[in-house]
Amino acid sequence: MSMNRIAYTAFVAFCAVIATLWAVSVLVAENRETDDDRRLITQQELAANDSLESCWKAIDGKVYDVTEYIPRHPTSEDVMLEWCGRDATEGWYNKTPGRPHSARAASMLEQYLIGELADAPAPTAQPEEPAPAPDPAAHPQGRVLLGLSPGTYLDGRYRGMFSDRGAIQVNIQFDLRDHHFHNVRFRYLSYRDVDYLALEEHEELYAVMRQHRQIVEYLEGRPLSAMFDLYAPENVVDDIDGFTGATLRGNKLISAIRDALNRGVYQWP
Amino acid sequence: MFRRIRTGDIVIAVLVLLPLVIAWPGSRLLPGAGAGAVLGAWGQLAGVLGLSALLVGAMLSVRLPGLDRWFGGLPRIWTLHRMLGFSAFLLIMLHVVLLALGALPVSPEMAATVLFPPLDDGAVWIGWGALVLMVIFLAPTFQFFGRPHYQRWKRLHLLSVPAFLLAFMHVVMLVEHAALWWALVIPALGAVLWRKVLSPRLGRHDYTVEAVTALASNVVEITLAPRGRPMTYEAGQFMYLTPHDPDLKAGRGEEHPYTIASAPGEDALRVGIKALGDASRALQTVTPGTAVQIEGPYGQFFERREPQRRQLWFGGGVGITPFVSGARTLKREPGSGPDVTLIYLANRPERAYYMEELREIAQGHPHFDAQIHYFQERGPVDEAFIRSHCPDLEEREIYICGPPGMVDHLMGLLTRAGISRGRIHTEAFDFL
């Protein structure tokens, strides 16, 4: 067979393989939509697997048993071990600061999927009215503020932002499952040219950053309407200090979250 | 053509394989990694090898006179260039398929995501861009849809530059150490820059058309006089000629290869041109006094490993031209050198152009003999005819130049007669 014939034949075969792979993926995806019953794994179970002998990690609400992979990871064992037994989403999206792992790495990761993280430990108070609740007389109820009936917001990943005076201040991401927040995290947080996510622990403004992290922790596992608790951040954050009045603006976060909801689902679960 | 390894071949092999050798240790081809990971790793390596073949192939387009000797002549470089492009095309398709198959054990969706990730995964989409451009410029090269128009093909082939630049970007975005890729892409870009931009201004010799002599219908010999620095060459070489005659019907300002018919050291440069395409047909009536530019010389048709061995030449059609150059060279050096027998394979007497001059040279030269074989009289040439003029066939170095059918016929005949393939020399001129 001449070179020309081989090149042509190989090209036709290539197109056929690519088309087949694509078609199979579409067909399989349709088939799978119905049977999504992964094992639920609790926080305690996750936390128990935190060693080289058994290393589980939660990333974006999914739990992976990566024990076998640790010796093959390009870095030293410590780097991976640091994230064992806990939520490793942050490490996953920051292979180097700000740079996530590749699609190829993502494909490898999926091999180790063992289940889904059960909701974060339930808060002690009733989730609908976390204590201390904001004065109901001062603000309308969260459900009223949303102005929507349950089921309006579909499950999935949402991203949204708050910008003011030409600058982005907040960029937030969260997963919504049955109108509850999960995996809330900041993609960007800045005010007056300070990148809060890049702050070191010793820096003055780090405290503000810590407060924002507490807000995120507060929202984790709570219903959507809990966002309106942020109108009074002092009820949510426990180490209020001098900076709070100047920089901790819960309403910016509310704005960013509502922006995310308006934009609709960013990525299907 | 590839019976001997040349210096240039080793350089090519080193350049093509170097990135692979460097990428290998990081490729996770470890035991127990699972079929998916191994396929993925092979897929990466196929991509590495494919890009280095693409870049080295681009380097070979530089066409510097003299440099082609490292590779056994320019036609052999074109063959290498073609083989590298072919390999790159196959390897890059393999790269894509293997990476997708590598993700298949996870799920078919993951395989599809590896192929078609979200749009913000720029590196992968840039890679796709490179592959699409490759398909566009290689489809006519490999004649997916029949034989292309030469000039259109040549222009389209320039898409190889954005193609290899995109492929380079794709890799640079994904690897940690890109220095080696820079070291390959810069010479590749330099080669194309020289060929397409610099050499038309710096690498050409200026000549004037002095005379156009008709040798037969559709065949002329054009005599060229240098206007500046003349080109030095050897018998049997060829060059690229760019005519600037404003009255030409086709091919004005285009370069095409033609074989030199004159002997080195002659004042004028002569080329035998047969009307085989639009440009060479138009040259049959080129106006004397107009300007041409030539670039070269290239090839090493008469390269000899054993200069004292007797020779047998087979010329047919316009393929007689390098032997005319050889005979004219013998004429200038009478009494020296080994015996040479030329067998001219022509269809009929009217097509045996140059034969009269070749006979004259043979009469005046003790070591040169010229014989003619007419297809119309005797059919295809056979071993008996050859042996009747050249009984010591096995002792000679054999040179063949002519249309592909003639070359194939002679190759078969000589091989059956027990001639070692290493003794037979040809330079193919066909569109590869």
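1. Start with helix H2 of chain B, residues 35-59, in what is a predicted model. This helix has 25 residues and reaches 36 Å from its first C-alpha to its last, close to the 36 Å expected at 1.5 Å a residue. Is it enclosed or not? Of the 25 residues of H2(B), 21 are buried, so the helix is largely enclosed by the rest of the structure.

2. Next, the core. The largest nonpolar core has 122 residues. Those with the most contacts inside it are B:Leu55, B:Ala100, B:Ala111, B:Ala167, B:Leu342 and B:Leu358. Which element gives the largest share of this core? That is helix H3 of chain B (residues 74-103), with 15 residues.

3. Have a look at B:Ala111 while you are there. Leaving out residues up to four places away in sequence, B:Ala111 touches A:Leu21 and A:Ser25 on chain A. On chain B, its contacts are B:Ala100, B:Leu101, B:Ala103 and B:Leu104. Apart from the core of 122 residues lies another one, of 25 residues. Among its members are A:Val184, A:Leu189, A:Leu219 and A:Val237.

4. Now for where the two chains meet. The contact takes 22 residues from chain A and 28 residues from chain B. On the side of chain A that touches chain B, two elements give two or more residues: helix H1 (3-32) and helix H5 (103-110). H1(A) gives the most, with 15 residues. By class, this side of chain A has 15 nonpolar, 4 polar and 3 charged residues.

5. There is also a record to set beside the model. UniProt, in an unreviewed entry, lists residues 6-29 of chain A as "transmembrane region". In the model, that stretch of chain A is 100% helix and 0% strand. Its end C-alpha atoms are 34 Å apart.

6. Chain A also has a sheet worth tracing. Its 5 strands form an open sheet in the order S1-S5-S3-S2-S4, with mixed pairing. Which strands stand at the edges? They are S1 (40-41) and S4 (86-87) of chain A; each has a single partner strand, so one side of each is left without a neighbour in the sheet.

7. Finally, one pairing from that sheet. Strand S3 (residues 62-65) and strand S5 (residues 113-117) of chain A run antiparallel and are joined by 3 bridges. To find one of the residue pairs, go to A:Lys62: its bridge partner in S5(A) is A:Glu116.

Technical notes
Residues are numbered from 1 along each chain as its sequence is written. Chains are lettered from A and ligands numbered from 1 in the order in which they are written. This is a predicted model: local features need pLDDT of at least 70, side-chain atom pairs count only at pLDDT 80 or more; totals for chains, interfaces and linings use all residues. Two strands pair if DSSP finds at least two bridges between them. Helices (H or I, at least four residues) and strands (E, at least two) are DSSP runs, numbered from the N terminus. The expected span of a helix is 1.5 Å times one less than its number of residues. A residue is buried if 20 or more other C-beta atoms lie within 10 Å of its own, exposed if 12 or fewer, and partly exposed in between; C-beta atoms are placed from the backbone. UniProt positions are given in the numbering used here, feature names are shortened, and annotations may be inferred rather than shown by experiment. A nonpolar core is a set of buried Ala, Val, Leu, Ile, Met, Phe, Trp, Tyr and Cys residues joined through C-beta atoms within 7 Å. Two residues are in contact if their C-beta atoms, placed from the backbone, lie within 7 Å. Ala, Val, Leu, Ile, Met, Phe, Trp, Tyr, Cys and Pro count as nonpolar, Asp, Glu, Lys and Arg as charged, and the others, Gly among them, as polar.
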